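Reader: Could you take me slowly through one part of this structure and then show me how its surroundings fit around that part? I am in my first year, so I would be glad of an answer that explains its steps.

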Amino acid sequence: MNELLPMLNKFKEMPGAISVTEAIALYQTIQNHLITNSQGRSEYFIDFGSHAGKSSLIAITALSSINKTGMFLLIDPAFDPNSVQRKTTLAFAPDDYLNTIKENVCSFNERRSSIMPILHGLTSEQFVNNHVPLPISYAFIDSGEHSKESIKIETDYLKNHTLPGSLIIFHDVGNQFTATTYALRELVDSEKFEEIKIDWEPIFAFVDTYRLEIGNNSWHWLNHPHPNFIGVIRRKGIENVAKE
């Protein structure tokens with residue numbers, strides 16, 4: 001995991017509600033468990049609730065490391081320059097904030113042309129209702145207040161438009177946001193998805209060794225030694241696929 005330290009230092013500078021512990025788990029999960037077979041074609045990856053791109057940095061870096069190519073869609077109403085959501089953080093105040101976010105999330109993209117970040121200044125509902133459905137290989141769900149209604153919009157879309165071997169990663173699973181945990185379980189119970197369990201103990205040990213949660217620009221469970229509230233499922237239907 002030592003090779004992740006430069007990326008994690010950049011991650012810690014960026015504002016957002018996600019821990020270093022979760023960032024490492026996110027990176028490793030993409031590397032080890034995303035098994036879509038693109039057959040050389042570009043793929044689509046999506047973050048619902050991107051904020052300033054904290055989780056997107058991790059995902060894009062991991063996708064690049066396994067030679068994925070395609071469009072990475074960052075969905076957040078604050079990306080609309082005229083949105084009132086711009087007032088939620090200083091990261092959205094500068095005139096060039098969109099270009100800064102694009103640059104940040106691609107900081108450790110080994111092949112800059114391989115993963116293209118596309119920012120949509122929309123809510124999840126607006127995006128789902130106003131865009132042609134795309135075949136999704138990876139999705140991260142962390143939008144709004146995790147209401148049952150908003151999560152259902154996102155999961156209904158992903159349930160019908162994810163590729164075999166794709167990943168859906170939920171943030172805020174197993175904590176106070178019960179609707180997120182319920183949505184994950186509902187997708188697993190549909191028998192279209194399988195749950196991927198995370199081995200947290202080696203990550204905890206690494207985080208503790210380097211005291212990595214100290215200085216993280218986050219408001220997510222600040223008194224927790226290593227917040228670990230992400231859940232992972234993978235779309236069934238692809239068997240014995242070798243990693244590209």
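Author: In this predicted model, a good place to begin is Ile30, which, once its neighbours within four places in sequence are set aside, is in contact with Ala59, Ala62, Leu63, Ile66, Tyr138 and Leu167. Ile30 is also one of the residues that touch the most other members of the largest nonpolar core, a set of 49 residues in which Leu8, Ile24, Phe72, Ile101, Tyr138 and Leu212 share that distinction. The element that gives the most to this core is α2, with 7 residues. Another core lies apart from it, made of 23 residues that include Leu73, Ile151, Leu158 and Phe193.

Let us turn to helix α2 itself, which runs over residues 20–33. Its 14 residues, counted at 1.5 Å a residue, should span 20 Å, and because the C-alpha atoms at its two ends are 20 Å apart, the expectation and the model agree. The helix is mostly covered, with 10 of its 14 residues buried. Those buried residues are Val20, Thr21, Glu22, Ala23, Ile24, Ala25, Leu26, Tyr27, Thr29 and Ile30, and what covers them includes the helices α1, α3 and α8 together with the strands β4, β5 and β7. At the start of α2, a side-chain oxygen of Ser19 reaches to within 3.5 Å of the backbone nitrogen of Thr21.

One of the elements covering α2 is α3, and this helix deserves a look of its own. It has 12 residues and reaches 18 Å from its first C-alpha to its last, which is close to the 16 Å expected at 1.5 Å a residue. Of these 12 residues 11 are buried, so α3 is largely enclosed by the rest of the structure. The buried residues include Ala59, Ala62 and Leu63, which are also among the contacts of Ile30. Just after α3, Asn67 takes a positive phi of about 65 degrees.

The loop between α3 and β2 holds Thr69, which counts as partly exposed because its relative accessibility is 26%. Not counting residues up to four places away in sequence, Thr69 touches Arg41, Ser42, Glu43, Phe45, Arg111, Ser114 and Ile115. Thr69 and Glu201, by contrast, are 132 residues apart in sequence and 31 Å apart in space, C-alpha to C-alpha.

Helix α4, residues 97–105, has Tyr97, Ile101, Asn104 and Val105 as its buried residues. Seen down the axis of α4, these buried residues fall within an arc of 90 degrees, so they line one face of the helix. They pack against the helices α1 and α3 and the strands β2 and β3. Asn104 counts as buried because its relative accessibility is 16%, which is under the 20% that marks the limit for a buried residue. Leaving out residues up to four places away in sequence, Asn104 touches Lys10, Met14 and Leu57, and Leu57 is itself one of the buried residues of α3.

The aromatic rings add a further layer to the picture, for the structure holds 9 aromatic pairs. Phe79 and Phe92 form one that is edge-to-face, with 6.4 Å from centre to centre and 85 degrees between the planes. Both of these residues belong to the loop between β2 and α4, where they stand 13 residues apart. Phe79 counts as buried because its relative accessibility is 4%, and Phe92 is buried as well, with a relative accessible area of 0%. The rings of Trp200 and Phe204 have their centres 6.0 Å apart and their planes at 15 degrees, so this pair is stacked. Trp200 and Phe204 both lie in helix α8, 4 residues apart, which is about one turn of the helix. Trp200 is buried with a relative accessible area of 14%, and Phe204 counts as buried at 13% relative accessibility.

Ring pairs also link Phe45, Phe72 and Tyr138 into a cluster, and this brings us back to the beginning. Tyr138 is among the contacts of Ile30, Phe45 is among those of Thr69, and Phe72 is, like Ile30, one of the residues that touch the most other members of the largest nonpolar core.

Conventions: Residues numbered from 1 in each chain as written. Predicted model: local features only at pLDDT ≥ 70, side-chain atom pairs only at ≥ 80, totals over all residues. Heavy atoms only, no water. Buried < 20%, exposed > 50% of the residue type's maximum accessible area, 1.4 Å probe, protein only. Arc of directions from axis to C-beta. Contact = heavy atoms within 4.5 Å. Expected span 1.5 Å × (residues − 1). Polar contact = N/O pair within 3.5 Å; in protein donor to acceptor, adjacent residues only side chain to side chain. Core = buried A, V, L, I, M, F, W, Y, C linked by side-chain atoms within 4.5 Å. Phe/Tyr/Trp six-rings, centres within 6.5 Å; stacked < 30°, edge-to-face > 60°.
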